[in-house]
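Visitor: I have a new structure to read. Could you walk me through it, one feature at a time?

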Amino acid sequence: MTMDGAPKQIPHGDSADDEGLGHPPRMVSVVMAVDDRAFVDAWPEEYCEDFGEGGVEEVSTARAHLLHIAAGGMALFRGDVIHRGLENKGKRYIRRVHV
């Protein structure tokens with residue numbers, strides 16, 4: 001549940017980097033909407049503007065694809081797709097299941 005007033009999540013993936021892990025099984029992520037207010041930003045391709053010594057320094061929000069998941073619907077995507085839950089500007093919780 002995303003509580004009222006919660007900010008956007010930091011963009012992230014759900015699977016580890018392949019480097020150093022050999023060949024782990026491909027992870028699949030699922031987001032299922034419990035109500036009609038589930039929105040997710042996803043970067044199915046390149047998502048960053050600048051890499052530095054510490055890794056990603058600037059995320060390109062212009063390259064994000066806004067995904068609306070209607071109640072009862074779901075989105076399936078590879079675990080390495082960068083994504084984030086959006087902020088809750090309302091006064092009620094946003095309910096969704098992410099596995």
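**Reading the strands**

Guide: Start with one pairing. Strand β1, residues 28–33, is joined to β6 by 5 bridges, and the two run antiparallel. Keep in mind that this is a predicted model.

Visitor: Which residue of β6 is the bridge partner of M32?

Guide: Look across from one strand to the other. M32 has M74 as its bridge partner in β6.

Visitor: In what order do the strands of this open sheet lie?

Guide: Read a sheet from strand to strand across the pairing. Here 3 strands make an open sheet, ordered β6-β1-β8, with antiparallel pairing.

Visitor: Which are the edge strands?

Guide: Check on how many sides a strand pairs. β6 (74–78) and β8 (96–98) each pair on one side only, so they are the edge strands.

Visitor: By how many degrees are neighbouring strands of this sheet turned against each other?

Guide: On average, by 10 degrees, with direction ignored.

Visitor: Now the whole chain. How many helices and strands does the protein chain have?

Guide: Count the elements of each kind. There are 0 helices and 8 strands. Along the sequence, the pattern reads β-β-β-β-β-β-β-β.

Visitor: What share of the residues counts as buried?

Guide: Buried here means under 20% relative accessible area. Of the chain's 99 residues, 27% count as buried.

Visitor: And the accessible surface of the protein chain, what does it come to?

Guide: About 6800 Å², and 54% of that belongs to carbon and sulfur atoms.

Visitor: What about contacts between residues apart in sequence?

Guide: Take the contacts between residues at least 6 apart in sequence. Of these, 76% join residues at least 24 apart.

Key: Residues numbered from 1 in each chain as written. Predicted model: local features only at pLDDT ≥ 70, side-chain atom pairs only at ≥ 80, totals over all residues. Heavy atoms only, no water. Helix = DSSP H or I, 4+ residues; strand = E, 2+ residues; numbered from the N terminus. Buried < 20%, exposed > 50% of the residue type's maximum accessible area, 1.4 Å probe, protein only. Contact = heavy atoms within 4.5 Å. Areas by Shrake-Rupley, 256 points an atom, 1.4 Å probe, with all protein chains shown as cover. Axes fitted to C-alpha atoms, helices over the stretch in contact; angles between N-to-C directions.
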